[in-house]
Amino acid sequence: MEPLREGPTPPSAQVVVVGGGVMGLAAADELARAGADVLLLERDRLGRGSSAKPFGGVRGTFSDPGNIALGLRGLERYAALHEAVPGGIGLARVGYLFCARTHGQALAVEASTALQRSMGAEVDVVSPARAAELNPHLDPSALVAASFSPRDGYAEPGRVVAAWAASAAERGARVVEGAEVTGVEVHDDGAGARVTAVRYRAGGPGGPECEVRCEHLVVATGAWSARVGALAGVDLPVEPVRRQIAFADAPGGARGSVGAGGRPLPFTLDLSTTFYVHGSPDGLLLGISDPAQAPGFGRDYDDSWVAAFDAAAAEVAPGLVGLPLRRGWAGLYENTPDHNALIGASREVAGLVYATGFSGHGFLQAPAVGEVVRDLVLGREPLVDVAPFSAERFAPRSAAPLLQEVHII
């Protein structure tokens with residue numbers, strides 16, 4: 001896809017999508033497929049934000065019906081994309097293994113597993129011994145139970161970004177990279193406020209100010225969404241938090257990255273500590289939600305998280321403590337107060353649709369959310385009821401319940 005870097009600025013578009021990661025590109029592609037006139041603005045290069053991570057988990061393993069529906073639809077669409085794109089998108093169905101280490105967690109996992117199965121997922125509750133067969137690094141005596149979903153796994157966001165960018169371009173979507181949004185024009189004619197235009201600076205700091213008139217604005221800017229929402233007077237409570245991962249060689253060499261029957265090591269997560277590990281073509285990938293990590297936009301990699309990882313591994317997978325780390329990476333989670341997404345159409349500003357705050361679930365839900373955004377913009381009924389994901393649940397004096405998702409890492 002050849003982005004617009006020079007030449008005349010398009011004076012208008014039916015829909016302006018802000019954000020060139022997987023979420024914005026999924027929405028742009030779906031809208032372009034539906035015949036909408038789409039302009040996507042990305043302040044850096046496509047896929048350079050949170051979508052720059054080397055692997056993204058794909059799963060339907062959740063406890064909330066909305067998250068399950070979005071995840072299962074994402075799995076379906078990613079499987080189709082993997083088959084359609086030359087070379088695929090790196091989809092590896094290694095499975096997800098969620099470890100419960102308390103009786104309360106085990107009961108919650110049993111309930112969520114039953115709900116997932118009722119919605120069409122392939123998932124089972126397994127014993128500690130079976131969990132340790134699937135992932136030999138686990139200490140079964142530390143577990144009460146686990147859930148295993150063999151059709152879940154991971155894919156490569158970089159390949160997905162390229163595929164959706166090319167598809168959107170083929171269908172007429174226009175892209176401007178190096179375009180930082182600086183303002184949103186909102187007009188109130190007495191019948192209510194509505195988006196009418198978006199201003200952006202072309203080519204980075206010091207570049208010319210441009211304006212594009214539009215009927216709809218889609219905010220899909222991940223960790224930066226609070227700022228973009230504020231330009232339109234819409235509160236999107238998203239907080240950036242650095243998350244770090246690293247690759248390491250598996251103990252015991254290649255055999256340390258496989259489980260029962262030579263099956264690839266599943267994406268294994270501990271609900272008590274948020275420790276996680278899975279295999280990859282580059283060895284083991286290790287990570288944890290570091291409780292000491294302060295919110296902020298910093299994305300420099302360091303080893304500050306390793307002590308928390310080792311402490312968690314000592315409880316559930318002692319053989320992984322102190323592994324020599326090779327290549328590391330740092331990116332941003334876009335967290336909301338209840339660690340669930342913001343998806344919806346603004347009630348305050350007509351024409352503004354948001355898809356952000358996924359708190360680590362964005363990549364796996366992006367194909368489904370792209371379809372939802374398309375339907376919200378075009379006035380259709382979405383395939384998933386996203387009312388529970390409305391940003392209104394965080395409004396002062398709101399009676400809407402916060403989402404209670406068990407499978408958060």
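Two strands are counted as paired if DSSP finds at least two bridges between them. In this predicted model, strand 14 and strand 15 meet that criterion, pairing in the antiparallel sense over five bridges. Within this pair, His-278 stands opposite Leu-285 of strand 15.

**The eight-stranded sheet**

Strands 14 and 15 belong to an open sheet of eight strands with mixed pairing, in the order 5-6-4-13-14-15-12-16. Strand 5 (124–126) and strand 16 stand at the edges with a single partner strand each, so one side of each has no neighbour in the sheet. From one strand to the next, the twist averages 20°. Helix 3 (residues 103–118) packs on the sheet, where it touches strand 4 (96–100), strand 5 and strand 6 (145–149). The direction of helix 3 makes about 150° with that of strand 5.

Helix 7 (residues 306–316) has Val-306, Ala-308, Phe-309, Ala-312, Ala-313 and Val-316 as buried residues. Viewed down the helix axis, these buried residues fall within an arc of 155°, so they line one face of helix 7. Their cover includes strand 13 (267–270), strand 14 (276–280), strand 15 (283–287) and strand 16 (325–335).

**Nonpolar cores**

The largest nonpolar core contains 52 residues, of which Tyr-78, Trp-164 and Ile-343 touch the most other members. Elements that each supply at least two residues of this core include helix 2 (65–84), helix 5 (157–170) and helix 8 (362–378). Beyond its neighbours within four places in sequence, Tyr-78 is in contact with residues including Val-58, Val-160, Trp-164, Phe-363 and Pro-367. A second, separate core of 29 residues includes Val-184, Tyr-200, Val-212 and Val-228.

**Salt bridges**

Side chains of opposite charge can pair when their charged atoms come close. The whole structure holds 22 salt bridges, and three of them are listed here.

| Salt bridge | Closest N to O distance |
|---|---|
| Arg-73 with Glu-371 | 2.7 Å |
| Arg-77 with Glu-371 | 2.7 Å |
| Arg-171 with Glu-170 | 3.6 Å |

Arg-73 lies in helix 2 and Glu-371 in helix 8, so this pair ties together parts 298 residues apart in sequence. Arg-77, in helix 2, likewise links to Glu-371 in helix 8, 294 residues away. Glu-371 counts as buried at 5% relative accessibility, whereas Arg-73 is partly exposed at 21%, and Arg-77 is partly exposed at 21%. In the Arg-171 and Glu-170 pair, Arg-171 is partly exposed at 35% and Glu-170 is exposed at 66%. Shared salt-bridge partners join Glu-30, Arg-73, Glu-76, Arg-77, Glu-371, Arg-374, Asp-375 and Arg-380 into one network.

Technical notes:
Residues numbered from 1 in each chain as written. Predicted model: local features only at pLDDT ≥ 70, side-chain atom pairs only at ≥ 80, totals over all residues. Heavy atoms only, no water. Buried < 20%, exposed > 50% of the residue type's maximum accessible area, 1.4 Å probe, protein only. Helix = DSSP H or I, 4+ residues; strand = E, 2+ residues; numbered from the N terminus. Arc of directions from axis to C-beta. Contact = heavy atoms within 4.5 Å. Axes fitted to C-alpha atoms, helices over the stretch in contact; angles between N-to-C directions. Core = buried A, V, L, I, M, F, W, Y, C linked by side-chain atoms within 4.5 Å. Salt bridge = Lys/Arg side-chain N within 4 Å of Asp/Glu carboxyl O.
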